[in-house]
Amino acid sequence: MNSNHLLLEEPIRMASILEPSKSTFFPAMTKIVGTLGPKSRTVEIISGCLNAGMSVARFDFSWGDAEYHQETLDNLKAAVKSTKKLCAAVKKGDTIFIGQYLFTGSETTTVWLEVTEINGEDVVCLIKNSATLVISTWGVRNNIDFLSLSYTRHAEDIRHARDFLSKLGDLRQTQIFAKFENAEGLTHFDEILQEADGIIISRGNLGIDVPPEKVFLFQKAAVYKCNMAGKPAVVTRVVDSMTDNLRPTRAEATDIANAVLDGSDAILLGAETLRGLYPVETISVVGRICAEAEKVFNQDLYYKKTLKHVGEPMSHLESIASSAVRAAIKVKASVLLCFTSTGRAARLISKYRPTMPVISVVIPRLKTNQLRWTFSGAFEARQSLIVRGLFPILADPRHPAESTNATNESVLKVALDHGKAIGVIKPHDRVVVCQKLGDASVVKILELED
């Protein structure tokens, strides 16, 4: 029984639906973004969130001061170390409200602006106090992985933000996600998507500015466009009721499943984890629903639609990525290993939505700013944590991207051992490996011994 996005094998045994699912190291291929706050900022609770499936932590600077969020981030780092679960950090951009006075929601970083003149779309303001922008202080100090740009209306908004970040040292690597919250952003969606690294569909605010009967259509169209562009799509406001309850409503559970079937990369939890009573349980429930929906995701149809959209001739990297996914599905590989230095190859593989986990082995590159030498790789590894199906590991810096075939085999052994240790690779499994050997990109199939 096939529909556009749903795949159920005939004959359908209704009783089989009630059979318990097997637990795995990765709770789901779809990623979960959790907003950290009063109810979810201790090392213990954050550790629980990571173990339950949170892969990206969100910091909302529309409230609270920089010191408060710094303490939370320090707790996150301690939890990552204790659980050995990698986690990325995303910062919500400061919100400015317009009235007689303009102000930001943060206390110690509040900019008090008095409107002195309105000239068409331009508002001239007088700054009435001294303040420091959080992004240029807290963000630089902590090397944030993502910036969520609230109320993105035009592609120029993304360009301005990127230009600003490019002047802040390592923040030039920070990815910018356009957050769609009003009709103006929706009308400029295509050009915004071209500039942004990914999108966040803020359905709460969008539902105020857009007729409610149109929100689902925007979600489906936006996610589809992101899928075809190979850029992450994140959906918000899915389990509001779990802010105060241990179980979601039936409508919420179905809503999460439909977001997964649409092709969403991640689910973003806001109040549910920020001030909700059950942050760990909420992440666990959302992860289980995502995992069940992924089992019936019609990958074959999705793969064909993606190939058709890409067209021919394909780029070299796109051809390798799509071939690797096809090979992995045909041989029923348990996992797909991708060696990458920028993360681009791994993201392209994810674009074709393989049914098995993709372990992205990020190979460091040696770089310099004329003052000191450093290794790249940490940003690239963490930034793949928001992409559906990608699970990164950072290779040993002693094995740089320009390594020899011998060291490539050494890194491959480390990756295979990691897969065995976490239980996704077992004896006699088949593993598809996508890597670069010299100037050639290679897809190979390994059949493992005992």
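Strands here are DSSP runs of E with at least two residues, numbered from the N terminus. I am working from a predicted model.

Entry 1, the sheet. I looked up the strand order and found an open sheet of five strands, β17-β14-β13-β18-β19, with mixed pairing. I noted β17 (390–394) and β19 (440–447) as the edge strands, since each pairs on one side only. From one strand to the next, I read an average twist of 20 degrees.

Entry 2, one pair in that sheet. I checked β13 (residues 335–340) against β18 (residues 430–437) and found parallel pairing over four bridges. For Leu336, I found Val432 in β18 as the bridge partner. As background, I note that strands of a sheet pair through backbone hydrogen bonds, either parallel or antiparallel.

Entry 3, helices on the sheet. I traced helix α13 (residues 316–330), which packs on the sheet and touches β13, β18 and β19. The direction of α13 makes about 165 degrees with that of β18. I then traced helix α14 (residues 344–351), which also packs on the sheet, with contacts to β13, β14 (358–362), β17 and β18. Here I read an angle of about 150 degrees between the directions of α14 and β13.

Entry 4, Trp373. I located Trp373 in strand β16, which covers residues 373–375. Is Trp373 buried or exposed? I put Trp373 down as exposed because its relative accessibility is 58%, and exposed means over 50%. I also found Trp373 in a nonpolar surface patch with Leu366 and Phe375. Together, I list about 370 Å² of accessible area for these residues.

How values were computed:
Residues numbered from 1 in each chain as written. Predicted model: local features only at pLDDT ≥ 70, side-chain atom pairs only at ≥ 80, totals over all residues. Heavy atoms only, no water. Patch = residues over 30% accessible without salt bridge, like charges linked within 9 Å, V, L, I, M, F, W, Y side chains within 5 Å. Areas by Shrake-Rupley, 256 points an atom, 1.4 Å probe, with all protein chains shown as cover. Salt bridge = Lys/Arg side-chain N within 4 Å of Asp/Glu carboxyl O. Buried < 20%, exposed > 50% of the residue type's maximum accessible area, 1.4 Å probe, protein only. Pairing = 2+ DSSP bridges. Axes fitted to C-alpha atoms, helices over the stretch in contact; angles between N-to-C directions. Contact = heavy atoms within 4.5 Å.
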